[in-house]
Amino acid sequence: MNSYEKYNLKEVINASGKMTILGVSKVSDEVLAAQQFGGQHFFEMADLTIQTGKHIANLLGAEDGIVVSSASAGIAQSVAGVIGEGNLYHVYHPFTNQITKREIILPKGHNVDYGTPVEVMVELGGGQVVEAGYANMCSAEHLEMMITPNTAAILYIKSHHTVQKSMLTVDEAAAVAKRHKLPLIVDAAAEEDLVKYREAGADLVIYSGAKALGGPSSGLVIGKASFIEWVRLQGKGIGRAMKIGKENILGLTTAIEEYVRDGSESGTSMRTRLEPFIKELNQLPHLQASVEQDGAGREIYRAKVQIKDSAPLSAIEVIKKLKEGQIAIYTREYRGNNGIIEFDIRAVNEKEMQQIVTRLAEILK
Ligand SMILES: *Cc1c(COP(=O)(O)O)cnc(C)c1O
């Protein structure tokens, strides 16, 4: 009996992209093997944390790094780290009013909800969010004018969730931070570039382990050695409530090795895998399938399925039915109103593509 059967859960095909509500991503056999080794052996945990962090930092050309339980935990512990600056009294009294330098400046358009509001994680780390700029814009000047003697750091969220228009770049934020001798924390949770933000001048950069990196549930913080030391220290304080297990520390470390070696799936590979899928889809009545590149121009190719006017159901209804089947099939729904269903195949294998075709045939019969 597998877990789907045992707990009466629906099997899910994730053709929507990397979604936390579906469990984000699948891990490779190599990552699973590392998790298994971790699960079945003991370690001196302080050494495991330090040595895997150093190994990852070497792979990525950073001064140091630490595997944490999630990108969210990375934000909270980074904020606590820059507020406490290594002070052990602060670790044990993280919200003490003896420390008043707690302001974390964040562009207003970056104070988003990615499943949890960014400001909740900042406050969990003992920070006070100070928004800079306006809902639709933030410049270097907007950021700069919010700096006070109580500013502890600048936080920049690099994400498709944030306002993109009229927003200062990471480089510009780094220039402000440098001018005022403030730390810059970049949350790049779902980003693919593991170098760029540090090169731009960020002191700490945060990634989610199960998003682009294809790791297990985990997070990564990399950056300047002294800052990582402060983050690591939080393990004796608030970080304890965000503890990560040895199996996932080893799992993420292996996932990063793989990621550095192989990169993410190439556009060419996606197009090759899509070809037979598109062909099969186009055998079905009432739809037109084609390959389409990501709207933001990323090297991501998806199956675009246009539901024709002749179809018995609208695209919105088809999307709903796909989720309600024996196997729940989740798609990209953004363009449903225009009669379009998108299938992101990055986490979908050949067998699952076949299951999607079969289910669509049933629905459109
Ligand atoms: C997903 C995400 C996070 C949180 O990542 P977790 O590892 O799930 O905690 C934080 N920030 C942004 C911008 C995200 O997209």
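Let's start with the seven-stranded open sheet, whose strands run in the order 2-8-7-6-5-3-4 with mixed pairing. This is a predicted model, so read everything below as a description of a prediction. At the edges of this sheet sit strand 2 (64-68) and strand 4 (128-132), each of which pairs on one side only. Going from one strand to the next, the twist averages 25 degrees.

For a look at the pairing itself, take strand 5 (residues 151-157) and strand 6 (residues 184-187). These two run in the parallel sense and pair over four bridges. If you want a spot to zoom in on, find leucine 155: its bridge partner in strand 6 is isoleucine 185. Now bring in helix 4 (residues 71-84), which packs on this sheet. Helix 4 touches strand 2, strand 3 (103-107), strand 5, strand 6, strand 7 (204-208) and strand 8 (219-223). Its direction makes about 160 degrees with that of strand 7.

Next, a helix pair. Helix 2 (residues 29-39) packs with helix 11 (residues 246-262) at an angle of about 155 degrees, and their axes are 7 Å apart. Angles over 145 degrees count as roughly antiparallel, so that is the label for helix 2 and helix 11. Their crossing is right-handed. On the helix 2 side, the contact involves Glu30, Val31, Ala34, Gln35, Phe37, Gly38 and Gly39. Helix 11 answers with Lys246, Glu247, Asn248, Leu250, Gly251, Thr254, Ala255, Glu258 and Arg261. Sort the residues of this contact by class and you get five nonpolar, six polar and five charged.

Further along the chain there's another sheet to look at. Here three strands form an open sheet in the order 9-10-12, and the pairing is antiparallel. Strand 9 (287-293) and strand 12 (340-344) each have a single partner strand, so one side of each is left without a neighbour in the sheet. Neighbouring strands are turned by 25 degrees against each other on average, ignoring direction. Strand 10 (residues 301-307) pairs with strand 12 in the antiparallel sense, over five bridges. Within that pairing, valine 305 stands opposite isoleucine 341 of strand 12. Helix 13 (residues 315-324) packs on this sheet, where it touches strand 10 and strand 12. The direction of helix 13 makes about 40 degrees with that of strand 12.

Helix 13 also has a helical partner. It packs with helix 14 (residues 350-363) at an angle of about 125 degrees, with the axes 10 Å apart. What does that angle make of helix 13 and helix 14? They are oblique to each other, because 125 degrees falls outside the 65 to 115 range for roughly perpendicular and isn't over 145. The crossing of helix 13 and helix 14 is right-handed. Val318, Lys321 and Leu322 of helix 13 make the contact with Arg359, Leu360 and Ile363 of helix 14. By class, that contact has four nonpolar residues, two charged ones and no polar ones.

Finally, step back to the whole thing. The protein chain has 14 helices and 12 strands, and its C-alpha trace spans about 70 × 50 × 35 Å along the principal axes. How does the radius of gyration fit with a compact globule? With 365 residues, such a globule would come out near 21 Å, and the protein chain has 22 Å, which agrees.

Conventions: Residues are numbered from 1 along each chain as its sequence is written. This is a predicted model: local features need pLDDT of at least 70, side-chain atom pairs count only at pLDDT 80 or more; totals for chains, interfaces and linings use all residues. Side-chain values use heavy atoms; hydrogens and water are left out. Two strands pair if DSSP finds at least two bridges between them. Axes are lines fitted to C-alpha atoms, for helices over the stretch in contact, and angles run from 0 to 180 degrees between N-to-C directions. Contact means heavy atoms within 4.5 Å. A crossing is left-handed if the near helix is turned anticlockwise from the far one by less than a right angle, and right-handed if clockwise. Ala, Val, Leu, Ile, Met, Phe, Trp, Tyr, Cys and Pro count as nonpolar, Asp, Glu, Lys and Arg as charged, and the others, Gly among them, as polar. The radius of gyration is taken over C-alpha atoms; the globule rule is 2.2 Å times the number of residues to the power 0.38. Angles under 35 degrees count as roughly parallel, over 145 as roughly antiparallel, 65 to 115 as roughly perpendicular and the rest as oblique.
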